[in-house]
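Here's a quick briefing on strand pairing and aromatic contacts. Have a look at the model first, then read on.

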Amino acid sequence: MADYIIVGGGSAGCVLAARLSEDPVLSVVLIEAGPPDTDRYIHMPVGFFKMTSGPLIWGYDAAPGKGIDGRVMVYPQARVLGGGSSINAQVFTRGCPQDYDDWAADFGCAGWSYADVLPYFVRSEGNDTFAGSQHGIDGPLGVSSGAPHPLTRIFVKAAQQAGLPFRADFNAGEQEGAGFYQTTTRNGKRSSTAVAYLKSALGRGNLTLRTDATVSRVIVENGRAVGVEIIVNGRTERLNAEREVIVTAGAIGSPKLLMLSGIGPAEHLSQHGIKVVHDLAGVGRNLHDHMDVDVVAELNGPHGIDRYKKKRWQAVAGLEYALFGKGPVASNIVEAGGFWWGDRAEKTPDIQFHFLPGAGVEEGIGSVPGGNGCTLNSYHVRPRSRGSVALRSADLRDAPVIDPNPFGERYDLERAIDGIEISREILSQPAFARYIRREHLPGAGCQGRAALEAFALQHGRSAYHPVGTCRMGDDADSVVDPELRVCGLAGLRVCDSSVMPRIVSSNTNAAVIMIAEKAADMIAGKAPAA
């Protein structure tokens, strides 16, 4: 018996376990389906590019996308302690204040305006550069400014030549412009929530961690969640929760678990022979994600990081990291980017860019002729397309049917084309003239919006930011209320990216950590942070 059982040891779960166990009278159990975060590539910032396949993800593919000519996208979701924060590219962006103000105003999420959530961003953050009202300097999450690669600096200059002003801090309330990203790293190592929050908390006698343990269902009795069933080494165990079960399995895992537990759309559950415990229509709906499109240039020499694909250069980089904790291994590679407008009718920038001084780092992008390249990707930050997560069967072992419905709305495709055009404009600036030989993708022959549309449909991919499938709100389609309590059930909450009513205008990990920080206070009955 534990007071709180947390299902999913990812970005949110580790934060909640650490914060709730600060109270010594409470007992907390954290359950993670995957292994501990012992893989060495997790802790090297450069190692993220090895994480889109392998044993530390679930191995999901999205359903064939109607809006992308029927293509199947890989859909990596973490299966390791620390979750997404252990495998992501570590870019630290929060979104813009309007995102959170809209949660409160448009979706009935009282208490989630920017003024409400800012204290939790600040509380989480241990920033090595910025301070003041927008930043924390002594929080558990390491946030660092790196030493950008020379070609990354060229990108920032070129972006300014293209009309994007320099932006020193993307997390101080305004985003527009180009600059260097801060990362969730500390002292040259990844600062996942497993490292930043959980590691020090595991010494507490009131916190128990179970890894390699799969939760098969949430147990509901008389309208209340009272525990979970877990499978460990083929054996089923029951764990009871005195106070609450908190599901933190992510935008794919959380709706899947709820539906396998009989919580979700009654008709869909009945189709799979699952007894309906609680008919909740919104579970699995409202899936949306950022859709990346990459523009790749061929360099005229070894100006970027592609030289490190060669063994001798890898040895040099490894030695530098081992001796000094610096160099390419200490970089997340995605060191710069920016935010700008595709649709000028939007109040805030609607396109985000990430620059990489190499080619072939991102999933599906191979090497360029000559072996040296750079990549500038972009996505529309507030997509209108909505998809779903559904069960394939009642068998826990079967992957869910994931349909993010990419480019389902024409508006999203138009913004993707805008992103490609702006990317091309930046890469064609004088600052790059000494370094770029030619455009590799889409290539000089791809001209006009019709051709760029075809390119986006063939090459667009997930940015790995799924949200919304257990969305928060106060209407009939909401899955959780603004306290993150599952609507119509007692003793059950969801706390992860799935509760976002609309995706934030940036990378999502910082926002998930904030959600967990705020949830910890709500669950513990504390007054909101100020």
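Rings of Phe, Tyr and Trp (its six-membered ring) count as a pair if their centres lie within 6.5 Å, with planes under 30 degrees apart called stacked, over 60 edge-to-face and the rest tilted. On that basis, the whole structure holds 12 aromatic pairs. Keep in mind that this is a predicted model: local features need pLDDT of at least 70, side-chain atom pairs count only at pLDDT 80 or more, and totals for chains, interfaces and linings use all residues. Numbering runs from 1 along each chain as its sequence is written, and side-chain values use heavy atoms, with hydrogens and water left out.

**Aromatic pairs**
- Phe-166 and Phe-180 meet edge-to-face, at 6.4 Å centre to centre and 65° between the planes.
- That pair links distant parts of the chain, 14 residues apart: Phe-166 is in the loop between α6 (150-161) and β5 (177-180), and Phe-180 is in strand β5 (helices, H or I, of at least four residues and strands, E, of at least two are DSSP runs, numbered from the N terminus).
- Tyr-308 and Trp-313 are also edge-to-face, with 5.9 Å between centres and 80° between planes.
- Tyr-100, Trp-103, Trp-112, Tyr-114 and Phe-121 make up one aromatic cluster.

**Strands β9 to β11**
- β9 (residues 214-221) and β10 (residues 224-232) pair in the antiparallel sense over 7 bridges (strands pair if DSSP finds at least two bridges between them).
- Their hairpin has 2 residues between the strands, and Asn-222 takes a positive phi near 55°.
- β10 also pairs with β11 (residues 235-247), antiparallel over 6 bridges, and Gly-227 stands opposite Asn-240 in β11.
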